[in-house]
Structure formats: C-alpha cells, structure tokens
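Colleague: I am new to this one and would love some help. Could you pick a single part, take a close look at it, and show me how it fits into the whole?

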Amino acid sequence: SRKFYISRGHLCALFKEQTGMTLNKYISYKRMLKVQELYSSGMKLIDACANAGFGSYSNFHRMYVKEFGKS
C-alpha cells in the first residue's frame with residue numbers, strides 16, 4: 001500500500017474486487033500450493049511446510065483441510 005500511496009484497507013478492497021478473495025486468503029492459498037509443489041518434488045512434508053512459511057505442520061494441516069476439505 002505504501003508503494004502505491006493508498007491505504008491498506010483500500011488496497012485490500014481493490015484486491016478482493018479484482019480476484020474475488022482477500023489478500024490474506026490469497027497468500028495462504030499460494031503458500032499451500034508451494035507446500036504441494038515442494039512435497040511433490042521429494043521434500044519431506046514438515047520441511048516443505050517450513051519452507052513455505054508455515055510456523056508448524058499443525059498450522060499448515062488445519063489450513064489445508066479448511067481450504068481443500070481433505071487431509
């Protein structure tokens with residue numbers, strides 16, 4: 001928001017208008033996709049979670065189940 005000289009709230013509103021999802025949901029979704037990519041390439045799941053920015057495996061698991069409906 002600083003880069004474009006608009007408020008954080010306005011940026012979030014514009015982002016949701018253009019993408020249909022909130023900025024936080026988008027970031028979480030992209031992080032989950034990164035875990036899938038790393039895990040598919042042979043990395044251990046716990047390491048893939050850490051590399052994608054999740055603080056713990058349990059946080060990742062909870063968000064994954066919420067987003068995709070399966071563990």
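**From the whole chain to one leucine**

Modeller: Gladly! Let's begin with charge: the chain carries 12 positive and 4 negative charges, and their mean positions lie 5 Å apart. Please keep in mind that this is a predicted model.

Now for the overall layout. The chain contains 4 helices and 0 strands, so reading from the N terminus you meet the order α-α-α-α. Along the principal axes, the C-alpha atoms occupy a box of roughly 40 × 25 × 20 Å. The radius of gyration of the chain is 15 Å, whereas a compact globule of 71 residues would have one near 11 Å.

The surface adds to this picture. Of the 71 residues, 14% count as buried. About 5,500 Å² of the chain is exposed, and 55% of that comes from carbon and sulfur atoms. As for contacts with a separation of 6 or more, 26% are made by residues 24 or more positions apart.

With that background, the part I would pick is Leu 33. You will find Leu 33 in helix H2, which covers residues 23–40. Is Leu 33 buried or exposed? The value falls in between: Leu 33 has a relative accessible area of 29%, and because buried means under 20% and exposed means over 50%, Leu 33 counts as partly exposed. To place Leu 33 against another point of the chain, look for Ala 52: the two are 19 residues apart along the chain, and 8.9 Å separates their C-alpha atoms.

How values were computed: Residues numbered from 1 in each chain as written. Predicted model: local features only at pLDDT ≥ 70, side-chain atom pairs only at ≥ 80, totals over all residues. Heavy atoms only, no water. Helix = DSSP H or I, 4+ residues; strand = E, 2+ residues; numbered from the N terminus. Rg over C-alpha atoms; globule rule 2.2 N^0.38 Å. Buried < 20%, exposed > 50% of the residue type's maximum accessible area, 1.4 Å probe, protein only. Contact = heavy atoms within 4.5 Å. Areas by Shrake-Rupley, 256 points an atom, 1.4 Å probe, with all protein chains shown as cover. Lys, Arg positive; Asp, Glu negative; His and termini not counted. Charge placed at Lys NZ, Arg CZ, Asp CG, Glu CD.
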